[in-house]
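Trainee: I'd like to go through this one label by label and hear what backs each of them up. Can we start with the strands?

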Amino acid sequence: MIKHWINGKNWEAAPERSGDVYDPTTGKVANQVAFASVSEVDAAVDAAAKAFASWRNASLAQRSTVMFKFRELLNSRKGELAAIVTAEHGKVLSDAGGEIQRALESVEYACGIPQLLKGGFSENASTKVDVYSIQQPVGVVGVISPFNFPAMVPLWFVPTAIACGNAVVLKPSEKDPSASLFIAELFAEAGLPDGVLNVVHGDKVAVDRLLDHPTVKAISFVGSTPIARYVYETGTSHGKRVQALGGAKNHMVVLPDADLDLAADAAVSAGFGSAGERCMAISVVVAVGQVGDELVDKIKSRIADVQVGAGPSCEMGPLVTGAHRDKVTSYVDAGVQAGAVLAVDGRDHPIDGDASGFWLGPTLFDHVGTDMTIYTDEIFGPVLSVVRCDTYEEAVEMVNTNRYGNGTAIFTNDGGAARRFQNEIEVGMVGVNVPIPVPVAYYSFGGWKESLFGDAHAYGPHGVHFFTRSKVITSRWLDPSHGGVNLGFPQNT
């Protein structure tokens, strides 16, 4: 049984409810995970509130020491964490390792918290009056993370929240919960005080209690757009600060002057990596002008070589659950019925090894209409649609009228076109000849339109601002004070 982590240890009480955790490669139940009741969420929040009372006053030197130690532990044991992710999520080991490597960037950013929390100071703003600003922690914060990045997304939020002086209750996906426990244990080993990070598993019961608990001051969420909207509206109605990152329908625009081999490589890599279960996956290729036929042929030839399976040489694993696999497959049926050309049927793709798991190979549709559900809906699986248009202007209009605005890319050798695209496109993250433009950790991640609810993006500078509140102090001291003589070299304690 996978248990909660509350106040620095496993929660030993027997759960009232539990759920199955599958091995996606075989389709068999591999474990059970406890589902938190309201009282268990309350216990985690209480532990966080008690820990916050002292952790908020921990020096920046102490916080950064914990972060550096955690970073060292995570880096030395990232192979173990990657294996945990692969076992429960299904993504191949190399993909899981890449997820953790990107997560390390966010941890490293949080290690610089003494620099990141520096305020401003104005001496003698008025006669003998100084004005300065400080950033203080918010309090107890909730983090609700999705199944597709069970290590990286928690590490987008948790290190920054903790480094800023907050205490955290993390609710990971019940589909692959073990990575969060591993992270909590590493933080404990790094010296994080008990209660500063707590992990509760479960479903809507746990989520709703975090959203309405009066002690929880902020919520960070990543998931589908309907749930992101629900989390944002519910959390803010209870007076909380909320950042809720939702779904996506990411377009890759290919102009006639583009290197089509580069574009085809990018479309396959960004469309089918992690079986398409990425909010930054390319799910629509927009072929501009006469490039469509040649581009589709190049994509098809590359799909044929993609190795799907659980073996060490495989490039793509299964989907996370049988229910999700069936949902994605239903979109393949819907695309055929709507009249799109099924250029590659992933249902027929060979599987390397045991084929009894939640498998679906890379699927390619051509001549997709923008009114079809395979275009309008976030499928979150290995289904790539090619839409054709005549001009650059039509391509931009297509992207800008889409309800999502998470990521997009343009493939071209024309610098002027690329510069115009990045200026005109209404999307939060843009790639130029880069198909998955996930920002490095010292920038921030987030989309526009229905891909983000709230005005704070994840990690980076936005993350620090989200997990702190600014305070401005105006002071006047009539007489200076003296602290006595000390000839020792001053120390940072």
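Mentor: Sure. Two strands pair if DSSP finds at least two bridges between them. Keep in mind that this is a predicted model.

Trainee: What makes β20 and β21 a pair, then?

Mentor: β20 and strand β21 (residues 429-432) share four bridges in the parallel sense. The cut-off is at least two, so they count as paired. One spot to look at is T408, which stands opposite V430 in β21.

Trainee: And how does the chain get from β20 to β21?

Mentor: Through helix α15 (residues 415-424), in a β-α-β crossover.

Trainee: Why is that crossover called right-handed?

Mentor: Point the strands away from you and follow the path from the first strand over the helix to the second: if that runs clockwise, the crossover is right-handed. The crossover from β20 to β21 is right-handed, so its path runs clockwise in that view.

Trainee: Which other strand pairs with β20?

Mentor: Strand β12 (residues 250-254), again in the parallel sense and over four bridges. There, V253 stands opposite I410 in β20.

Trainee: How do you know that β20 is mostly covered?

Mentor: Count the buried residues in β20 (residues 407-411): five of its five. Buried means under 20% relative accessible area, so each of those five falls below that value.

Trainee: Which residues of β20 point which way?

Mentor: G407, A409 and F411 point one way, T408 and I410 the other way, and all are buried. In a regular strand the side chains alternate between the two faces of the sheet.

Trainee: On to the sheet with β5, β6 and β24. What is the strand order?

Mentor: It's an open sheet of three strands in the order β5-β6-β24, with antiparallel pairing.

Trainee: What makes β5 and β24 edge strands?

Mentor: β5 (121-126) and β24 (468-475) each pair on one side only. Neighbouring strands of this sheet are turned by 30° against each other on average, direction ignored.

Trainee: How do you know that β6 and β24 pair?

Mentor: Eight bridges join strand β6 (residues 129-137) to β24, and the two run antiparallel. The definition asks for at least two bridges, so the label holds. P137 stands opposite T468 in β24.

Trainee: Now salt bridges. How many are there in the whole structure?

Mentor: The search finds 24.

Trainee: Why is the contact between R302 and D265 called a salt bridge?

Mentor: The closest N and O atoms of R302 and D265 are 2.4 Å apart. The cut-off is within 4 Å, so the pair qualifies. R302 lies in helix α11 (residues 292-303) and D265 in helix α10 (residues 260-272), so the salt bridge ties together parts that are 37 residues apart in sequence. Salt bridges that share partners also join D261, D265, K298 and R302 into one network.

Trainee: What about E105 and R102, how far apart are their closest N and O atoms?

Mentor: 3.3 Å, so this pair also meets the limit of within 4 Å. E105 and R102 are three residues apart in helix α4 (residues 93-111), which means about one helical turn separates them.

Trainee: Are E105 and R102 buried, exposed or in between?

Mentor: E105 has 26% relative accessibility and R102 has 29%. Partly exposed lies between under 20% and over 50%, so both get that label.

Trainee: Then why is N400 called buried?

Mentor: Its relative accessible area is 16%, and buried means under 20%, so N400 makes the cut. N400 sits in helix α14 (residues 392-401). Leaving out residues up to four places away in sequence, N400 touches E424, I425, E426 and K449.

Trainee: Last topic: what is noteworthy about the phi of S274?

Mentor: Phi of S274 is near 55°, a positive value in a residue other than glycine. S274 is in the loop between α10 and β13 (282-288). At 6% relative accessibility, S274 is under 20% and so counts as buried.

Trainee: And where is F380 found?

Mentor: In the loop between α13 (373-376) and β18 (383-389). F380 has a positive phi of about 60° although it is not a glycine. Its relative accessible area of 17% is under 20%, so F380 is buried.

Definitions and conventions:
Residues are numbered from 1 along each chain as its sequence is written. This is a predicted model: local features need pLDDT of at least 70, side-chain atom pairs count only at pLDDT 80 or more; totals for chains, interfaces and linings use all residues. Side-chain values use heavy atoms; hydrogens and water are left out. Axes are lines fitted to C-alpha atoms, for helices over the stretch in contact, and angles run from 0 to 180 degrees between N-to-C directions. A salt bridge is a side-chain nitrogen of Lys or Arg within 4 Å of a carboxyl oxygen of Asp or Glu. Buried means under 20% relative accessible area, exposed over 50%, partly exposed in between (1.4 Å probe, protein chains only). Contact means heavy atoms within 4.5 Å.
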